[in-house]
Amino acid sequence: MTTFAPAPTANVTAAATLSRAAVVVATALDEAVARLSPTQRGPVEHHLAGGGKGVRAALALLSAAATGATEEIGVVGAVAIELVHNFSLIHDDIIDGDLQRHHRSTVWTEYGIGPAIIAGDALATLALQLLLDEPTPERVRAAHCLAQATQFMIAGQADDMAFESRAAVTVAECLDMEFGKTSALLSCAVSLGAILAGAPDATVEALAAFGSHLGTAFQAIDDVLGIWGEPAQTGKPVGSDLTQHKKTLPVTIALDLAGSRLTELRTLLDGDLSPEEVARAGALIEECGGRQETMTLADVHLDLALAALDRVTLVPGPKHELVALAHFVTERDR
């Protein structure tokens, strides 16, 4: 039986955990995809062949182990959360017009927009089917958690798109959008294993809070990378969020703090930006405090995430790895 044992350092532990989780989940994921029709499997297998870190699956497994159960209890939840996450990625690539993911052609560019939409729909439905194949009280509760998180994620994506054409978005509105877009699914991921293990409500709630705050910290870092990240790291041009007029945390915070520079910043952000204007907008956002305040917010939510784990008694090894994963996913711009 595969177990989750702590390793000497956070980075090694995170890498080992993700690798181990991928092995534990691989067969169940393949079996789930095999249930799709042949026309659906082609686009799905193309997408999944690009790989991914599998953070959400690892969180689901650790969540079960942290309550004293075996990680196998959380496998169905880990597969379900990965299916929903990948459904969102396939659809996001269409929405954003991305041609590549992980240096491979995206599903819509390889198979067309229609088949890509259907492939995403199939994954979302399959995730709930897996949980409800055996409708025990724990699995029904897990399915409800996943369905609710998926609705939050879809609402967050809708708000993200709507904000692109809005002249003004508050920091509070941005945080609400990013909760739906990112935090809700991470919160669900780290709840599922505990739910499937029949853990007490207080334990499930503490793990959900950990995932929610971790999601906010993760998205804040992602927002920083969306403006100042290196293309080799992000796979996107510098300032890609600016050219798409996304109202991310650095942007909304900078607009709130811009003062006398508000007019210049608004003029830049509202237009079609040249590379030079992207650089100027990025510099202006940083001067107004958008970058630093976003990083500070990420640190605050990381601390809140870690504090949530101390609310209840968890198995030390898996808890250690949850902490390591939290640091791993929030250190991409350090």
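**Pockets and cavities at a glance**

The second largest pocket comes in at about 190 Å³. Keep in mind that this is a predicted model. Besides that pocket, there are 2 cavities of 30 Å³ or more in the structure, and here's a quick tour of who lines what.

**Second largest pocket**
- The elements that each put two or more residues into this pocket's lining are α7 (137–163), α8 (171–196) and α9 (201–228).
- Its lining runs to 14 residues, and the ones nearest the centre are Cys145, Gln148, Ala184, Ser187 and Cys188.
- Sorted by class, the pocket lining splits into 9 nonpolar, 4 polar and 1 charged residue.

**Largest cavity**
- The volume of the largest cavity is about 60 Å³.
- Around the largest cavity you'll find His46, His47, Gly50, Arg101, His102, Arg104, Ser105, Thr106 and Val107.
- Both helix α2 (38–48) and strand β2 (104–105) supply at least two residues of that lining.
- Class-wise, the lining of the largest cavity counts 6 polar residues, 2 charged and 1 nonpolar.

**Second largest cavity**
- This one holds about 30 Å³ of space.
- Its walls are made by Ala167, Lys247, Leu255, Arg266, Leu269 and Asp270.
- The top contributor to the lining of the second largest cavity is helix α13 (residues 262–270), which gives 3 residues.
- There are no polar residues in the lining of the second largest cavity, which divides into 3 nonpolar and 3 charged.

Conventions:
Residues are numbered from 1 along each chain as its sequence is written. This is a predicted model: local features need pLDDT of at least 70, side-chain atom pairs count only at pLDDT 80 or more; totals for chains, interfaces and linings use all residues. Side-chain values use heavy atoms; hydrogens and water are left out. On a 1 Å grid over the protein atoms alone, a cavity is a set of points where a 1.4 Å probe fits but cannot get out, and a pocket is an open set with protein on both sides within 12 Å along at least five of seven lines; lining residues have an atom within 4 Å of a point. Grid points are joined across faces, edges and corners, and a volume is the space filled by probe spheres set on the points. Helices (H or I, at least four residues) and strands (E, at least two) are DSSP runs, numbered from the N terminus. Ala, Val, Leu, Ile, Met, Phe, Trp, Tyr, Cys and Pro count as nonpolar, Asp, Glu, Lys and Arg as charged, and the others, Gly among them, as polar.
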